[in-house]
Amino acid sequence: MYYYLYDSFLSDKKYIQSLAKIENRLIDLGINGKIEKMSVLKSIREVVEDNVKSGADTIIAVGNDKTFTKVFPVIATQSNVTFGYIPMENSTIAGILGVPVAEKACDILSARIIEKIDIGKVNNHYFFSSLEVPHAQDVSLECNGGHFSISSISNTDHIQICNLSYTPIDTDKQKNVCNPKDGLLEAVFTPKGKGAFGKDKLVTKQQSIFPIKKMKITSDDTVSLIADGETVVKTPATVEVLNKKLNIIVGKERSF
Amino acid sequence: MFKNQEGETTEKETETIIGPSVKVEGDFHGEGNIVVEGQVIGTLKTNRDLRVGSNAKVKADVEAANVLISGEVIGDLFIKEKVELKSSAKVTGDITTKVISIEAGASLNGKCNCDQGASIEPKETILKSKPRNGKTSKPEVL
C-alpha cells in the first residue's frame, strides 16, 4: 500500500498543476494511495508510524532534498517499509538515485527497483549522504576503538564522513569511493588551497580516504558537525555505518 | 603491484589513502591496499600492498604483503613477499622479506633478512620463539 507525504511548501499555487499531473500518472500506473501534507501540527514520525500501522509498506516523500532528509530517518527506524522519492525540482539526491523530476518519477516508482543501502548514524541522528566537519582545527578521529587516530597536520583540511557524498571527491583515485552498498563510511580529508582571487579551493588531488565502520570525533573545544547540510550535531560524536538499513526505490540511471 | 609511476595510484585496488595533509597515530590495521603520502606514527599493518610515497614519513613497524618505498621509514619491516626501495627511499630499521629490490641511491640502515623459501612471521611470533638469555626452552634435567 502506497502512502504519499507532501512537504508543506507544495501548498504554493505554482505546484498545483505539477501535483495534478503526478496524481493522474499515479492513478494510471495503479500506484496511487493516501496523500498527507506535512504540517507543524503533527510530527513526521507520528504520521509515518500511524500509516505503517494502517498497512502502508511504501512511503513516498514528495518535495525536495530537504524533504528527503527529513523523512528518511523515520523510515529507517521502521522494518519492512520501502522509501521512495518524487522530487519537484532539480535535486542532487534524485540524480544519484536515478529518479527524474515530477511526473516522470512515477514511472520509476512503478518499476519498483529496490536497493538496500547503508546509512550513517552520528550520535542519535541519521545521515544519508555525508557528515561535514567545517573546521578541522583540533579535531581528531579515533578509529577502531581508539587504536589509532587521524588528524589534519595543518588543521585546515575539509573533513567529510561520506556514505553517498556529492561534494567533490577525486574518484579517479578510487572508483568505489562513497558507495552506499559497501558497508563502510569513508573519512575524507581534503586540503585547502588558494584558487582564483584568493578564494579557498579544495585540492582533491591530495585527498586522504579512510574506509571505516565506526569512529569517534573529538575536539578540544566543542565543534559543530553538519549532517546532510541540515542537522547540527556537537562533538564528541560517535559515527557508525548502519549496513543496508534503508530500502529505497531507485532508477536505472542511479550512480551506484 | 603499483605498476604506475610515482604519484599515480592503481584504480580499483587502492583502498586507504593517507594523503600529505594527514597524520595517523597508533596501531593502523588496514584491510586492503594502503598508500601513504603523509605521516604515520606507531604501527602499520595490512594483508595487501603498501606504498610509501616520496614525501611520506613513517615512524612505525610495518607489516604487509608487498611494499614499495620512495620516502622515509623508521621502523622494522616484515614483508611477506617483496620489498622495493626506490632511489629516494630512506629506511632505518631491519627488513625481513622473501625478495628485495634496491634502486641505486636508496638508503638502508639496518639488517636485511631475505629468504625466498622462508615463511615470514610477524614480529610478535618471532619474539616469543627466541630463547631468553641464551638458554634453550627445554627444562633442566635434575
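Buried means under 20% relative accessible area. Keep that cut-off in mind for Asn66(B), which comes out at 17% and therefore counts as buried. This is a predicted model, so read what follows as a tour of a prediction.

**How sure is the predictor?**

For the complex, the predictor gives an ipTM of 0.80 and a pTM of 0.82. Chain B has a mean pLDDT of 81, with 73% of its residues at 70 or more. Two stretches of chain B are worth flagging. Over residues 3-14 of chain B, pLDDT stays under 50, and the model has 23 contacts there beyond four places in sequence. Over residues 126-142 of chain B, pLDDT also stays under 50, and here the model has 2 such contacts.

**Chain B: an asparagine and two cysteines**

Back to Asn66(B), which sits in strand β6 (residues 57-69) of chain B. Its side chain makes a polar contact with the side chain of Asp49(B), at 3.0 Å.

Now the cysteines. How many disulfides are there over all chains? A search of the whole structure turns up 0. Cys112(B) is in no disulfide, and its nearest cysteine sulfur, in Cys114(B), is 3.6 Å away. Why is that not a bond? A disulfide needs the two sulfur atoms within 2.5 Å, so the 3.6 Å between the sulfurs of Cys114(B) and Cys112(B) is too far. Both residues are partly exposed: Cys112(B) has a relative accessibility of 35%, and Cys114(B) has 36%.

**Chain A: helix α3 and its rings**

Helix α3 of chain A runs over residues 65-76, which makes 12 residues. From first C-alpha to last it reaches 16 Å, close to the 16 Å expected at 1.5 Å a residue. At the start of α3(A), a side-chain oxygen of Asn64(A) comes to within 3.1 Å of the backbone nitrogen of Lys66(A).

Is α3(A) mostly enclosed or mostly open? With 10 of its 12 residues buried, α3(A) is largely enclosed by the rest of the structure. Among the buried ones are Phe68(A), Val71(A), Phe72(A) and Ile75(A). As background, an α-helix has 3.6 residues a turn, so residues three or four places apart point the same way.

Two of the helix's phenylalanines take part in something bigger than a pair: ring pairs link Phe68(A), Phe72(A), Phe83(A), Tyr85(A) and Phe128(A) into a cluster.

**Chain A: a ring pair between strands, and Leu141(A)**

Over all chains, the count comes to 10 aromatic pairs. One of them joins Phe189(A) and Phe210(A), edge-to-face, with 6.1 Å from centre to centre and 75° between the planes. Phe189(A) belongs to strand β11 (residues 185-190) and Phe210(A) to strand β14 (residues 208-212) of chain A, so the pair ties together parts that are 21 residues apart in sequence. Neither ring carrier is out in the open: Phe189(A) is buried at 0% relative accessibility, and Phe210(A) is buried at 1%.

Phe189(A) turns up again in the surroundings of Leu141(A). Leu141(A) lies in strand β8 (residues 139-143) of chain A and is buried, with a relative accessible area of 0%. Leaving aside neighbours within four places in sequence, its contacts include Phe148(A), Ile150(A), Ile161(A), Ala187(A), Phe189(A), Met215(A) and Ile217(A). The C-alpha atoms of Leu141(A) and Glu240(A), which are 99 residues apart along the chain, are separated by 12 Å.

**Chain A: backbone oddities in loops**

Most residues other than glycine have a negative phi, and most peptide bonds are trans. Here are two non-glycine residues that have a positive phi.

| Residue | Phi | Loop in chain A | Relative accessible area |
|---|---|---|---|
| Asn123(A) | about 50° | between β5 (113-122) and β6 (125-127) | 28%, partly exposed |
| Asp228(A) | about 55° | between β16 (224-227) and β17 | 11%, buried |

And the peptide bonds? A cis one joins Thr235(A) and Pro236(A), with omega about 0°. Pro236(A) is in the loop between β17 (231-234) and β18 (237-250) of chain A.

Note on methods: Residues numbered from 1 in each chain as written. Chains lettered and ligands numbered in written order. Predicted model: local features only at pLDDT ≥ 70, side-chain atom pairs only at ≥ 80, totals over all residues. Heavy atoms only, no water. Helix = DSSP H or I, 4+ residues; strand = E, 2+ residues; numbered from the N terminus. Expected span 1.5 Å × (residues − 1). Buried < 20%, exposed > 50% of the residue type's maximum accessible area, 1.4 Å probe, protein only. Polar contact = N/O pair within 3.5 Å; in protein donor to acceptor, adjacent residues only side chain to side chain. Phe/Tyr/Trp six-rings, centres within 6.5 Å; stacked < 30°, edge-to-face > 60°. Contact = heavy atoms within 4.5 Å. pLDDT = per-residue confidence, 0-100.
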